[in-house]
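Please open the model in your viewer and keep the sequence panel visible. The tour proceeds by selections, each followed by a description of what is found there.

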Amino acid sequence: MRFIVPASALALALLTVSSVSMGKKADSVIDARSAALAAQGNTLIGEGKYGEAIDQLETALAVDPKNRTAIILLARAADKQGLPGKAIRLYREALLIEPNDVMALSGQGEALVQKGAMARARENLVKITKICPTNCPEQTKLASVIEKAASTPVVSAEAVKPKPVVTQN
């Protein structure tokens with residue numbers, strides 16, 4: 001039985017093997033089309049066009065599922081749409097590819113704060129501080145978000161519970 005391998009598949013396999021043999025991770029080579037789509041998605045997020053951005057970023061991931069930048073940008077778009085749970089899951093996907101990505105750790109930490117998971121957010125802050133001990137904007141921003149949330153008074157559900165209206169006949 002003979003297998004015919006297209007030249008493009010063979011070239012990709014050789015590129016992957018050569019990058020692994022040179023000490024680089026194979027998933028660090030991102031398809032140029034995927035990178036361009038992610039850049040377009042980033043621009044659309046900046047313009048507040050989250051639906052269009054998500055379409056571009058999902059296409060970027062269809063082209064190259066290991067495009068960590070596209071995953072992080074999808075998480076940002078989810079966060080901007082008020083979906084911190086979805087953002088946390090997406091940041092986790094990015095961290096599976098690169099556990100020391102300070103942007104993903106910071107973004108996930110901020111989303112965790114929104115969900116009230118302060119202990120987990122602080123764990124991310126500790127990781128960022130170990131990776132980037134000085135002059136790290138992600139560390140400074142996450143520390144500020146945690147501090148602000150910690151200083152915000154918590155209102156009990158009982159305090160905002162609607163009171164029954166009593167009418168007299």
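Begin by selecting α7 and α8, two helices of this predicted model. Their axes cross at roughly 155 degrees, and angles over 145 count as roughly antiparallel, so α7 and α8 are described as roughly antiparallel to each other. The axes come within 10 Å, and α7 passes α8 in a left-handed crossing.

Next, display the side chains where the two helices meet. On α7, select Met 118, Ala 121, Arg 122, Asn 124, Leu 125, Ile 128 and Thr 129. On α8, the partners are Gln 139, Leu 142, Ala 143, Ile 146, Ala 149 and Ala 150. Sorted by class, this contact has nine nonpolar, three polar and one charged residues.

Now turn to the largest nonpolar core, which has 38 residues. Which of its residues touch the most other members? They are Leu 57 and Ile 146. Helices that each supply at least two residues of this core include α2 (32-46), α3 (50-63) and α8 (137-151). The helix that gives the most is α4, with eight residues.

Select Leu 57 and show its surroundings. Leaving aside neighbours within four places in sequence, Leu 57 is in contact with Ala 38, Gly 41, Ile 45, Ala 70, Leu 73 and Leu 74.

Finally, select Glu 110 in helix α6. Is Glu 110 buried or exposed? Its relative accessibility is 16%, and buried means under 20%, so Glu 110 counts as buried. Not counting residues up to four places away in sequence, Glu 110 touches Lys 141, Leu 142 and Val 145.

Notes: Residues numbered from 1 in each chain as written. Predicted model: local features only at pLDDT ≥ 70, side-chain atom pairs only at ≥ 80, totals over all residues. Heavy atoms only, no water. Core = buried A, V, L, I, M, F, W, Y, C linked by side-chain atoms within 4.5 Å. Buried < 20%, exposed > 50% of the residue type's maximum accessible area, 1.4 Å probe, protein only. Helix = DSSP H or I, 4+ residues; strand = E, 2+ residues; numbered from the N terminus. Contact = heavy atoms within 4.5 Å. Axes fitted to C-alpha atoms, helices over the stretch in contact; angles between N-to-C directions. Parallel < 35°, antiparallel > 145°, perpendicular 65-115°, else oblique. Left-handed = near helix turned anticlockwise from the far one by under 90°. Nonpolar A, V, L, I, M, F, W, Y, C, P; charged D, E, K, R; others polar.
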